[in-house]
Amino acid sequence: MATVFGDFLREASEQMNTAVYCAERSVSGVAAIATIEPARRMTTVLLRYLDDLAPERAPAHERLSHLWDRVNHPRVLLQEADVILRDLDRQLAGRNRNTAHPVPVHVAGAALALGTGHDLLKTHYNPRSDWANAIEDMGVRHAVLDVVARQAQLLGRVVKAARAEVRRAGLDSVRLDRLVTALQTAGDIAFRVTAPGATETLAAVPLRATRPPSALPATASVEQLCAGIITNAEGIRTAQPEAGGQLSSADCRRNATAAVVALHCAYQAVTMLTRRHTELHPARELLVRRTLRLSAEGLHRVLDRWQAVRHRWQRLLFDQRRPSPADHLDQMTIRLGRLISTNPEWTFELRNLPTLKSPAELAPTTADMSQILLSVRHAVEALAVLGHRDLAQVTAPGQIEAIHAMSRTTAAVNGQVGASGVRALVGAYRDVVGYTNSVLADLNRAALDTATPGERPSVMVALSILDRRRDPALVSALFDDTTVANSATASQYTSNIRVAPIGAVTAASRSNSDGGRQASKPTR
């Protein structure tokens, strides 16, 4: 199981609660003196959270109406507490202390757990991953502020219990009282998180690591296939492309081909779920069926756009090189095929599309549909991330010129070369991401609508995490920012491509009249 931030937060809370329990019952003078140093470490760690991750409580233009909040903001109070603790630690240098007492031991353990959790969150910034979008979400930032305030409140209780013994060591009682007040006030004004799923999103942030996929089992249940699809989708999203690596058109074509097959399977799965829902509820829950139908239509449009990307690469370049391995992408495609296939050992290498199960075999009841839709949701967005990554390579400085130089000198029967071919390729990638953003909302609703009342909270949290990880400016900033830095030659290939905002794409997808169209088989 992957290590997540919630593991360290839970450990820190347990350590601090134990420290409070021990301190409020009995703490000796040497143990109280020993508590000052780990308490200082704790305030230092909490300030790192506030400086790096938490929002300002009150913006500058609201300084009059929020003056009290600004004065008592946890950052201000913890800075004051940190200064006091540093002075106390310096004054107590050389004094006898019992560092083995449970109170300093548990406070030090909590500081270590929170510091490690902070380091885990920062792994998503160098280089930046899509989890950084979730961490920077305002609701999640407020959750960070809430965590800091609660930990400060517990630390204040520990220091309050040890205050009398520390005072006997000859330290300034006024400063000790101010230290306790600062820590407790920082906890009293804890920001109560109201954004749905924000706390769960923060707890779910994993340690950034690239994990090789496990071997595909010979047979697997629908539940195992769905879990495997989600794991492979995460593997695709966390893969780190080589910085400054050379563009491989063979890899891009392979990615597009796999995406076409995967989306064909996803489309068929959602179409089968729509049919099964009609069988189970022929005269009820029409809104759920409509959402399923809209999801299938949207997936078909995304499939068409991936087909266009694949065709553009075929028409633009000759490339006989073998693509590099893409184990997570291959496994996700195979699992999506096996999800709808009567052949439990279907593989991509068979070069034929899977023979479909009956809808009842795929989802015996409505309660079985949500996990399938959630896995499809993961897969579709992972493919969009892959397409965005490929497009970033295409539009990197110098790459467009290289593609132009490598393109065919004479047009094939159905081919495009030169500037027009590159422009069409970039436009096809943009369409992939735009139409993917359109279908995700329908898949979200379908997964929620088909979940049982007991499953709905966990499904809602999973969808909330996915939405927070998505870059809201992805469509409009897909390559405009990168081409600004490119040479003038590069800009001529992209300057005539119109950007369709997400809202416009969504509206277009709603008014599209191809709802009754059957799935087209991906071309080989």
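Trainee: In which loop is P127 found?

Mentor: This is a predicted model. The peptide bond leading into P127 from N126 is cis, with omega near -5 degrees. As for its place in the chain, P127 is found in the loop between helix 5 (102-122) and helix 6 (131-135).

Trainee: How many helices and how many strands does the protein have?

Mentor: Helix 5 and helix 6 flank the loop that holds P127. For the protein, the secondary structure comes to zero strands and 21 helices.

Trainee: Which helix gives the largest share of the largest nonpolar core?

Mentor: This core has 69 residues, and L299, W306, M332 and Y429 touch the most other members. Several helices supply at least two residues each, among them helix 10 (222-238), helix 12 (286-316) and helix 17 (418-450). The largest share, 15 residues, comes from helix 11.

Trainee: Which residues does W306 touch, leaving out those up to four places away in sequence?

Mentor: Contact here means heavy atoms within 4.5 Å. With residues up to four places away not counted, W306 touches A256, A259, V260, L263, L383, G387, Y429 and V432.

Trainee: How many residues are in the second, separate core?

Mentor: This core includes A81, V166, A169 and L176. Its count of residues is 64.

Trainee: What percentage of the residues in the protein is buried?

Mentor: A residue is buried when its relative accessible area is under 20%. The accessible surface of the protein comes to about 23,100 Å², and carbon and sulfur atoms account for 54% of that surface. Of the 524 residues in the protein, the buried ones make up 52%.

How values were computed
Residues are numbered from 1 along each chain as its sequence is written. This is a predicted model: local features need pLDDT of at least 70, side-chain atom pairs count only at pLDDT 80 or more; totals for chains, interfaces and linings use all residues. Side-chain values use heavy atoms; hydrogens and water are left out. Helices (H or I, at least four residues) and strands (E, at least two) are DSSP runs, numbered from the N terminus. A nonpolar core is a set of buried Ala, Val, Leu, Ile, Met, Phe, Trp, Tyr and Cys residues joined through side-chain atoms within 4.5 Å. Buried means under 20% relative accessible area, exposed over 50%, partly exposed in between (1.4 Å probe, protein chains only). Accessible areas come from the Shrake-Rupley method with a 1.4 Å probe; for residues, only the protein chains shown count as cover.
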